[in-house]
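Please find below a short note on aromatic contacts and on charges placed over rings. The points are numbered for ease of reply.

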Amino acid sequence: MSLTEQPKRIIFFILLVLMANTSVFASPNSDFQSWIPVNINAKLGDQLRGFLEFQPRVGNDMSHLTAMMIRPAIGWAINDKATLWTGYLMSADSISPDSDTYLIENRAFQGFTWKDTANDKQFIWEVRNRLEERFLPRNTDPSIRWRTRLRVEQLIPGGAHWSVIASEEIFFNLNNNANNAQLQTGTQQNRLYLGVGYRFAPEFQVESGYLYQHVWKSSPVADQNNNVWMTNLNLNF
């Protein structure tokens, strides 16, 4: 297979995944969104790490800014694979998909990542765990959430700077929220992602692909299914 054919086949596969979910687009409890995270990773010392994320989310069938997130964090590298993290998130979320009124969520989080390679560094995998304390509007007690993500990246043989990326992330609420029936103990949401990446330089990578988000709701509210086109800008210093 030639270099030019490989990215085309990957993109074609992603389009097939999108077509398989066309029934979700038609559901009243679904949305087509665009997420554009900008992730900055910095090595601040031998073991000290810094992280900063800006993430706008455009929803309501990609017609309205529905969320904006800012997430700084500090990490401590135990070794070249494992890092401990602590950080903060501020999120402004619209009260409805087409509303210009936004509610502010403040969130503290602690995390642990393990990143490793295989197959002569052609295959990269990472496990990320986070414990989040979510201070939500109109709630006095925090909502506690655990999330785990597995991310894999396969460099395309002979594909220069191209790679295929996939991830799976699941969220669990660890306590009941007295003021929100949709934030009770149990599985809260799942995110499945498939995309392609292109590394312009060791410090700069762009990846883009399809993310399917399923959010479980308590009866009588129907579950939420979102189709998301996500484009990440990853900067490493």
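1. F200 is exposed, its relative accessible area being 51% (exposed means over 50%, buried under 20%, and partly exposed in between, with a 1.4 Å probe and protein chains only). The model is predicted: local features need pLDDT of at least 70, side-chain atom pairs count only at pLDDT 80 or more, and totals for chains, interfaces and linings use all residues. Residues are numbered from 1 along each chain as its sequence is written, and side-chain values use heavy atoms, with hydrogens and water left out.

2. Rings of Phe, Tyr and Trp (its six-membered ring) are paired if their centres lie within 6.5 Å; planes under 30 degrees apart are stacked, over 60 edge-to-face, and the rest tilted. Four aromatic pairs result from this rule. One of them joins W162 and Y198 edge-to-face, with 5.1 Å between centres and 65° between planes. This pair links distant parts of the chain, 36 residues apart: W162 belongs to strand β9 (residues 162-173) and Y198 to strand β10 (residues 186-201). Strands here are DSSP runs (E, at least two residues), numbered from the N terminus.

3. W162 is partly exposed at 27% relative accessible area, and Y198 is partly exposed at 26%. Y198 also pairs edge-to-face with F200, at 4.8 Å centre to centre and 75° between the planes. A single aromatic cluster comprises W162, Y198, F200 and F204.

4. Two arginines merit a separate remark, R57 and R130. R57 lies over the face of W35, 3.7 Å from the ring centre, while the charged end of R130 sits over the ring of F109 at 5.0 Å from its centre. The criterion is NZ of Lys or CZ of Arg within 6 Å of the ring centre and within 35 degrees of the ring normal.

Methods. Helix = DSSP H or I, 4+ residues; strand = E, 2+ residues; numbered from the N terminus.
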